[in-house]
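Me: I'm new to this one and would like a close look at a single part of it. Could you pick a helix, take me through it slowly, and then show me what else is worth finding on the way round?

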Amino acid sequence: MAKAQRRYVCQSCGATTQKWQGRCDGCGEWNAVSEEIPLDAGTPKGLGGKRGRVIPLTSLQVRSDDAPRLVSGIAEFDRATGGGLVPGSALLIGGDPGIGKSTLLLQVAGRLSNSGANCIYISGEEAVAQVGMRAERLGIDGSRISFGTETNVRDVLTTLDDVKSVDVVIIDSIQTMFVDGIESAPGTVSQVRSSAQELIRFAKRRGIVMMLVGHVTKDGQIAGPRVLEHMVDTVLYFEGERGHQFRILRAHKNRFGGTDEIGVFEMTGHGLEEVANPSALFLSNRSEEASGSVVFAGIEGTRPLLVEIQALVAPSPAANPRRAVVGWDSGRLAMVLAVLDARCGLGLAGSDVYLNVAGGLRIKDPAADLAVAVALISSLAGKPVPANTAVFGELSLSGEVRPVTRSNARLGEVEKLGFARAYIPAHSKTKRRGIELAEIDRVQDLLDIFELSSHPAGSTGKAN
Ligand code: TYD
Ligand code: MG
């Protein structure tokens with residue numbers, strides 16, 4: 001008989017190896033590999049001669065009798081899911097602990113059950129009293145949601161099988177669930193994967209919506225939901241900086257809608273509130289006179305979004321100047337700094353540089369390059385960006401400013417929020433509109449706007 005083989009599984013990405021490693025070869029995560037005993041140890045034998053069951057084959061024609069999407073009425077949530085929940089699908093909602101996943105799903109369940117859907121909330125983390133108190137605080141009619149505390153997947157499925165009618169099941173969280181036939185502890189990759197597999201299979205068979213909450217942890221002890229990403233139909237991430245009240249629900253994968261669609265929420269004393277006009281919110285409390293602050297006209301998902309980008313450039317006393325970035329890619333900042341150094345001779349190599357995207361938003365849009373360059377130059381020159389100006393554009397390594405996608409949508413939002421002027425890439429295809437458009441051809445053109453000349457390293461520190 002084959003000896004049960006040890007195997008080591010990365011708790012972050014699920015890669016398996018024969019021996020323990022400090023760093024996973026698959027995803028590069030440190031201290032994430034741990035031992036797991038496989039259930040089906042031994043060599044696979046192939047199918048053999050036994051015949052299987054014949055599966056029914058159908059055409060791909062869409063049947064109109066398919067159940068319609070479940071729309072929660074929370075517009076920001078419905079937008080992120082691509083227009084509502086699809087019966088017979090599985091969703092994963094990931095996010096740091098304490099970001100508001102349970103709050104969001106309880107609110108969604110509350111709204112769905114108000115419109116007649118049968119929602120079952122299974123918590124492996126919190127007791128009835130705790131969730132009841134939260135529901136009261138959120139103003140949700142607790143009597144309409146069926147609630148249960150359980151961590152054994154077998155018991156959860158037996159319970160669900162017994163219920164006559166169910167539309168939506170929420171599992172909070174998948175890391176607390178376990179399948180009793182598997183020896184590893186709840187939260188390990190094998191348990192998370194098997195639990196999710198059983199729950200998803202049930203959802204597909206019964207045509208219900210299965211929403212799984214997944215924690216993202218950095219230390220690798222608990223399986224990150226990454227291993228689940230390819231098992232579910234939709235992956236939503238709930239993001240936000242802990243200290244800020246803004247929360248962004250972002251679709252990373254969606255078999256039933258667009259990805260990178262976002263929903264914006266604000267965490268208040270009465271739960272999450274929708275933010276219908278995020279640009280106005282992200283720009284509130286902005287002081288126009290400060291140097292180094294600029295309004296970036298970005299696109300998040302399908303929506304234009306204006307956000308403030310702040311930069312501070314100061315001469316550094318240290319041999320290795322500090323580069324601190326919040327809300328943007330630090331590699332991208334290094335690139336913009338290098339372009340400014342090489343093409344404008346600004347000598348930023350000897351300066352500390354801090355960059356911050358206000359409001360706790362994380363920007364991925366490459367069109368932020370020009371806005372960042374403007375913020376840096378404004379801080380270096382000690383001159384504020386001309387009032388009522390918004391900026392977008394991508395930088396190439398040669399210092400050229402490149403046109404970006406969806407210029408008209410960006411400018412529409414800029415105009416809507418009452419801006420007078422926009423710095424945009426030259427050769428952008430834009431419609432005529434009521435704002436002044438300053439076309440920037442090369443990054444060097446910005447020096448004239450801020451009356452800055454090329455100067456050696458760290459000779460100005462007028463940033464305020
Ligand atoms: P929670 O939904 O428990 O987060 P998760 O399930 O992602 O771990 O939310 C936790 C935080 O939200 C908690 O720190 C308190 C805050 N909160 C509010 O600010 N207002 C509210 O109405 C609620 C319910 C929570
Ligand atoms: Mg929770």
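## One helix, and then the rest

Reply: Let's get our bearings before zooming in. Of the 464 residues of the protein chain, 48% count as buried. Keep in mind that this is a predicted model. Its secondary structure comes to ten helices and 21 strands, and the C-alpha atoms fill a box of roughly 80 × 55 × 50 Å along the principal axes. If you take the contacts between residues at least 6 apart in sequence, 68% of them join residues at least 24 apart.

The domain assignment splits the chain into domain 1 (1-38), domain 2 (75-276) and domain 3 (280-449). Between the centres of domain 1 and domain 3, taken over C-alpha atoms, there are 44 Å.

Now for the helix. I'd pick α9, which covers residues 407-416. Which of its residues are buried? They are Ser407, Arg410, Leu411, Glu413 and Val414. Around the helix axis these residues cover an arc of only 160 degrees, so they sit on the same side of α9.

And what does that buried set pack against? Quite a list: the helix α6 (278-283), plus the strands β13 (293-300), β14 (303-315), β17 (389-391), β20 (421-425) and β21 (436-440). Try finding each of those partners in turn while you keep Leu411, one of the buried residues, in view.

Follow the chain out of the helix and you come to glycine 418, just after α9, with a positive phi of about 80 degrees. Most residues other than glycine have a negative phi, and most peptide bonds are trans. With that in mind, there are a few other backbone spots to visit.

One of them leads back to a partner of α9. Asparagine 388 is in the loop between α8 (368-381) and β17, and β17 is among the elements that the buried residues of α9 pack against. The phi of asparagine 388 is near 60 degrees, so here is a positive value in a residue other than glycine. Asparagine 388 is partly exposed, at 31% relative accessibility.

Further along, in the segment after α10 (445-449), look for glutamate 451. Glutamate 451 isn't a glycine either, yet its phi is positive, at about 45 degrees. Is glutamate 451 buried or exposed? Exposed, with a relative accessible area of 64%.

The third spot concerns a peptide bond. The one from aspartate 172 to serine 173 is cis, with omega near 0 degrees. You'll find serine 173 in the loop between β7 (168-172) and α5 (189-206).

For a contrast with α9, go to helix α2 (residues 101-114), where lysine 101 is found. Lysine 101 counts as buried, at 4% relative accessibility. Leaving aside residues up to four places away in sequence, lysine 101 touches Ile93, Gly94, Gly95, Asp96, Val213, Gly214, His215 and Phe238. Two polar partners of lysine 101 can be picked out of that list. The backbone oxygen of aspartate 96 is 2.9 Å from a polar atom of the lysine 101 side chain, and a polar contact of 3.4 Å joins the side chains of lysine 101 and histidine 215. Phenylalanine 238 is 137 residues away along the chain, yet its C-alpha atom and that of lysine 101 are separated by 7.0 Å.

There's also ligand 1 to look at. Which of the 16 residues around ligand 1 come nearest? Gly98, Ser102, Thr103, Thr268 and Gly271 do. Oxygen atoms of ligand 1 have several polar atoms close by, too. A backbone N or O atom of glycine 269 is 3.2 Å from one, a polar side-chain atom of arginine 134 is 3.3 Å from one, and a backbone N or O atom of isoleucine 99 is 3.4 Å from one.

Last stop, the cysteines. How many disulfides does the structure hold? Zero. Take cysteine 24: the nearest cysteine sulfur is that of cysteine 10, 3.6 Å away, and cysteine 24 is in no disulfide. A disulfide here needs the two sulfur atoms within 2.5 Å, which is why that pair doesn't qualify. Cysteine 24 is buried, with a relative accessible area of 3%, and cysteine 344 counts as buried too, at 2%.

Note on methods. Residues numbered from 1 in each chain as written. Chains lettered and ligands numbered in written order. Predicted model: local features only at pLDDT ≥ 70, side-chain atom pairs only at ≥ 80, totals over all residues. Heavy atoms only, no water. Buried < 20%, exposed > 50% of the residue type's maximum accessible area, 1.4 Å probe, protein only. Helix = DSSP H or I, 4+ residues; strand = E, 2+ residues; numbered from the N terminus. Arc of directions from axis to C-beta. Contact = heavy atoms within 4.5 Å. Domains from an automatic or database assignment. Near = heavy atom within 4 Å. Polar contact = N/O pair within 3.5 Å; in protein donor to acceptor, adjacent residues only side chain to side chain.
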